[in-house]
Amino acid sequence: ASSDKARTDAASSINTMLAVFGSRAHMKNKAEAERSFLRTLLMHAFHFFVSVLISSQIQDTQCGFKLFTQDSAASCFSKLHLRRWAFDTEIVILSAYQGTQIMEVGVPWQEIDGSKLHTSKLALAMVSISMLRDMLCVRLCYSLRIWNASK
């Protein structure tokens, strides 16, 4: 969950940026200390694939905090194909293709009970594989113009 101050800070910067992505990247060392080795390994692998396949501009695509202007939200979400865990990565790709300026802001964050992500080793492996598949699909479909990203 994010604080009201982070929302206010992001909203004040929306004058020049059309899409603001919250980030927990500034808390990386704390996250590594509090997560299992497997989750830490998967987090680093995911960040690597995001930087290679999607964009190096956004470090934390999976943070739930996002703020859009009305026009950028309408343009982006009307074109969205993914409905699973990696839909955030498609938002980054669409924003880039549509010329939407994006920025990332640090947000205070704390883990709370009730995560939708099952943390068994098998469940984490399956989600990780499906997210990698979705990122590859997004990159290929937009690069080959199978999916249309125009506004």
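This passage describes the fold, the buried elements, the side-chain pairs and a surface patch of a predicted model.

The protein chain contains six helices and three strands. Read along the sequence, these elements follow the pattern α-β-α-α-β-α-α-β-α. Of the 151 residues in the protein chain, 40% count as buried. Among contacts in the protein chain with a separation of 6 or more, 78% are accounted for by residues 24 or more positions apart. The accessible surface of the protein chain amounts to about 9,000 Å², and carbon and sulfur atoms contribute 59% of that area.

Helix H5, which spans residues 87-97, is mostly covered, with eight of its eleven residues buried. The buried residues of H5 are Asp88, Thr89, Glu90, Ile91, Val92, Ile93, Leu94 and Ser95. Charged, polar and nonpolar residues are thus listed together in this buried stretch. The cover over the buried residues of H5 includes strands S1 and S2, helices H3 and H6, helix H4 (70-77) and strand S3 (102-106). Just after H5, glycine 99 adopts a positive phi of about 75°.

Helix H3, one of the elements that cover H5, consists of 18 residues (37-54). From its first C-alpha to its last, H3 reaches 25 Å, close to the 26 Å expected at 1.5 Å a residue. Within H3, the residues Thr40, Met43, Phe46, Val50, Leu53 and Ile54 are buried. In an α-helix there are 3.6 residues a turn, so residues three or four places apart point the same way.

Aromatic side chains were examined next. A search of the whole structure returns five aromatic pairs. One of them joins phenylalanine 21 and phenylalanine 68 in an edge-to-face arrangement, with 6.3 Å centre to centre and 70° between the planes. This pair links distant parts of the chain, as phenylalanine 21 belongs to strand S1 (residues 19-23) and phenylalanine 68 to strand S2 (residues 66-68), 47 residues apart. Phenylalanine 21 and phenylalanine 68 are buried. Together with Phe77, Phe21 and Phe68 form one aromatic cluster. Strands S1 and S2, which hold the edge-to-face pair, are also among the elements covering the buried residues of H5.

Three salt bridges are found in a search of the whole structure. One of these is formed by lysine 66 and aspartate 88, whose closest N and O atoms are 2.8 Å apart. The two residues come from distant parts of the chain, lysine 66 from strand S2 and aspartate 88 from helix H5, with their positions 22 residues apart in the numbering. Both lysine 66 and aspartate 88 are buried.

Another salt bridge is made by the side chains of arginine 84 and aspartate 134, at 2.9 Å from N to O. Arginine 84 lies in the loop between H4 and H5 whereas aspartate 134 lies in helix H6, so this pair ties together parts that are 50 residues apart in sequence. Arginine 84 counts as partly exposed because its relative accessibility is 44%. Aspartate 134, by contrast, counts as buried because its relative accessibility is 2%. Aspartate 134 also meets arginine 133 in a salt bridge, at 3.1 Å from N to O. With a relative accessible area of 44%, arginine 133 is partly exposed. Salt bridges with shared partners therefore join Arg84, Arg133 and Asp134 into one network. Leaving aside neighbours within four places in sequence, aspartate 134 is in contact with Leu82, Arg84 and Ala86.

Helix H6, the site of aspartate 134, also contributes to a feature of the surface. Leu136, Leu140, Leu144 and Ile146 make a nonpolar surface patch of about 410 Å². Of these residues, leucine 136 is placed in helix H6 (residues 121-143). Leucine 136 is partly exposed because its relative accessible area is 38%, a value that falls between the 20% and 50% cut-offs. Helix H6 therefore carries both the partly exposed leucine 136 and the buried aspartate 134.

Note on methods. Residues are numbered from 1 along each chain as its sequence is written. This is a predicted model: local features need pLDDT of at least 70, side-chain atom pairs count only at pLDDT 80 or more; totals for chains, interfaces and linings use all residues. Side-chain values use heavy atoms; hydrogens and water are left out. Rings of Phe, Tyr and Trp (its six-membered ring) pair if their centres lie within 6.5 Å; planes under 30 degrees apart count as stacked, over 60 as edge-to-face and the rest as tilted. Helices (H or I, at least four residues) and strands (E, at least two) are DSSP runs, numbered from the N terminus. Buried means under 20% relative accessible area, exposed over 50%, partly exposed in between (1.4 Å probe, protein chains only). Patches are made of residues with over 30% relative accessible area and no salt bridge: like charges are joined within 9 Å, nonpolar side chains (Val, Leu, Ile, Met, Phe, Trp, Tyr) within 5 Å. Accessible areas come from the Shrake-Rupley method with a 1.4 Å probe; for residues, only the protein chains shown count as cover. A salt bridge is a side-chain nitrogen of Lys or Arg within 4 Å of a carboxyl oxygen of Asp or Glu. The expected span of a helix is 1.5 Å times one less than its number of residues. Contact means heavy atoms within 4.5 Å.
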